[in-house]
Structures are given as structure tokens and as C-alpha cells.
Amino acid sequence: MPTPERIEARNADLGDGMLVRRVLPTRQRRMVGAWCFLDHAGPVEFAQGHEMHVHAHPHTGLQTFTWLIEGEVLHRDSIGSEQVIRPGQVNLMTAGRGMVHTEDGLTPRLHAAQLWIALPPHMEDCAPAFQHHPELPQWSLEDCTFTLLAGEFAGQSAPTQVHTPLVGLDVLSTVARQLSLPLNPQFEYGLLPLEGQIQIDGEVFQTDEFAYLAPGSSSLDLRVAANTRLLLIGGEPFAPPITMWWNFVGLHRAYVIQAQSDWESGTGRFPKVKGEAEGPRMPAPKLPWTQHASQRTVIPNS
């Protein structure tokens, strides 16, 4: 039985009254496999006419992975995509060498998980792309519903195109019960109750308390409380160290510094988003180091 490491989520302010609980990265744990970022947004109610709006902002070297539980969100990006995501669906945006997008809530209520996946070295500068997945593998076991978001699990395979060995799974149980989940011994895992609570080896993890499991186990026994929604992520430990700053991911600090310079100077690397109005875009915070500073990964602040 793996011993879980407890990681407390922290509050993060995305602006315009949008508060989220940030689980990755933290000083305790920066990645789980290639998963390098996890925000839990909501459930939250916006005032009528003041729904979520995330201004045009850039990404590099990663995939953004949106799992929507409640509400509707309109995604627009700089390769011309325009897509509404609804509950039970995934939007997967591959930023590669550079991509810009906006997100607009279309309903007052919102509940979602926003994740990033670091791209492997040969994909860091790939062409940007976008995929929408309205249907995902889903199956039930008594009063428990499983939805496979990414990778393979229990003989199922998700359609989401990822580029390193990983898994993402949503588990919803309406009753209190014991669960035994098969694990890949080569994977490290993270479990986050999005609603309700779970118990692993006698330790209780409430909503937004993240449990990290090191590689080496082939199964996990846990108890879930009634009306619990659990997010399971995992993957092979990501070998090359990455640099993260703001919305950029890169394998080298110089790459991230150049990406921020390109964003601030308005180069063609980051085109306009479909339907983007003229005016200021989301400003990047000041870099915490210079080209000649020592290599380190910095926890992004937005």
C-alpha cells in the first residue's frame, strides 16, 4: 500500500474575481508525470452579466487540458478555433512554439479542473493545435461512475492525444464505498477530491487536499464518502527538468525568457485570437531572473 504525501492546495487569484485552488505546482511537488499544473475552479456562482472572462494570454511548451463539470465555457484561440465546452467534455490545446487563447463563461455557475501537460523535448516547438472531445470513455460499477480523460485505464483508452505515458480519470460515487484501483507501478499518481472526501490507508483527504503517491504500487485501496468526485492523475516521472514561469513552459530558461520577450513586443509568434478586440492583452509579470541567473523552476503566479 503506497504511503500518501499530503499537499495542501493554495488560493490563486486569476483576476476579475476568479479565485481557484492551485494544487500543482507547489514547493512540495512540481509535477506528477508530465502533469505540471492543476487548478480546481469552483463550484462558483457569478453575478448575471459578470461571468468568467479570461483575457487573451499566451502559452508555450505545454498542452492545456480543461475538464468541465458544470457550466459552459467558450474557447477561442490564435489558430482560429472557436468551441463551447460543456459538462463531461474536454478541451485540449497544444501550445507548442506559441499559442494565444481566451476563455469566456457562458453560464453563471462554473465548476472545472484546469490542467497543463508539459510537452517532451521533441514536441516543445511543435505547431499549435486544438482538439475538442465531446465524448469520453465512461462506465459504471454499482453506484460509481468512471470517466477516462486521458491515457489508458481498466482496458479503456481515451481519445485525447497526449505525448508521454500518463493517465487522467474522474471518479464519481453517490454512495460511501471501498474502491480498489489498478495502478501502473511505473507511474507516480496524484488524487484530488473535487467534492467530498477520500480515505487512503487511514488518512482522510478532504476536498482540495491532494494525495501524492510515488511509483512502485500495482493497486490502491481507498474509501470514498457519499457524493464524492475524485480526480486521479498519473504518469511516468518526467525526466528533463522544465522551467515554468507565468503561462510559459520550456526546457531551458532562455526559451522562457525569449517567449516572454516575444509576447511583450508583440511578435508574430503570438497572433491575435479569433474575435479578439483591439486593446491591451494580459500583461506578463516581471521575470524573476535574467538570462545569466542560475537555472531554477518558478511557481507561476497566474
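Me: Is Glu-142 buried or exposed?
Reply: This is a predicted model: local features need pLDDT (the predictor's confidence in each residue, from 0 to 100) of at least 70, side-chain atom pairs count only at 80 or more, and totals for chains, interfaces and linings use all residues. Numbering runs from 1 along each chain as its sequence is written, and side-chain values use heavy atoms, leaving out hydrogens and water. Buried means under 20% relative accessible area, exposed over 50%, partly exposed in between (1.4 Å probe, protein chains only). Glu-142 has 67%, so it is exposed.

Me: What is phi of Glu-142?
Reply: Glu-142 sits in the loop between strand S13 (138–141) and strand S14 (144–150); strands are DSSP runs of E, at least two residues, numbered from the N terminus. Its phi is positive, in a residue other than glycine, near 55°.

Me: What relative accessibility does Asn-227 have?
Reply: Asn-227 also has a positive phi, near 60°. Its place is the loop between strand S23 (219–224) and strand S24 (228–235). It counts as exposed because its relative accessibility is 54%.

Me: Which residue does a cis peptide bond join to Leu-24?
Reply: Leu-24 is found in strand S3 (residues 19–24). The partner is found in the loop between S3 and strand S4 (35–45). Omega of the cis bond is about -10°, and the partner is Pro-25.

Me: Where does Pro-43 lie?
Reply: Another cis peptide bond runs from Gly-42 to Pro-43, with omega near 0°. Pro-43 lies in strand S4.

Me: What is the relative accessibility of Leu-24?
Reply: Contact means heavy atoms within 4.5 Å. Beyond four places in sequence, Leu-24 touches residues including Trp-35, Leu-38, Phe-210 and Ile-233. It counts as buried because its relative accessibility is 0%.

Me: Which strand gives the most to the largest nonpolar core?
Reply: A nonpolar core is a set of buried Ala, Val, Leu, Ile, Met, Phe, Trp, Tyr and Cys residues joined through side-chain atoms within 4.5 Å. The largest has 41 residues, and those with the most contacts inside it are Leu-38, Phe-65, Phe-210, Ile-233 and Ile-242. With 5 residues, the strand giving the most is S11 (residues 109–118).

Me: How many residues does the other core have?
Reply: This core lies apart from the largest one. Leu-181, Leu-183, Tyr-189 and Val-224 are among its residues, and its size is 25.

Me: Over which residues does pLDDT stay under 50?
Reply: The chain averages a pLDDT of 92, and 93% of the residues score at least 70. The stretch under 50 has 36 contacts beyond four places in sequence and covers residues 292–302.

Key
Helix = DSSP H or I, 4+ residues; strand = E, 2+ residues; numbered from the N terminus.
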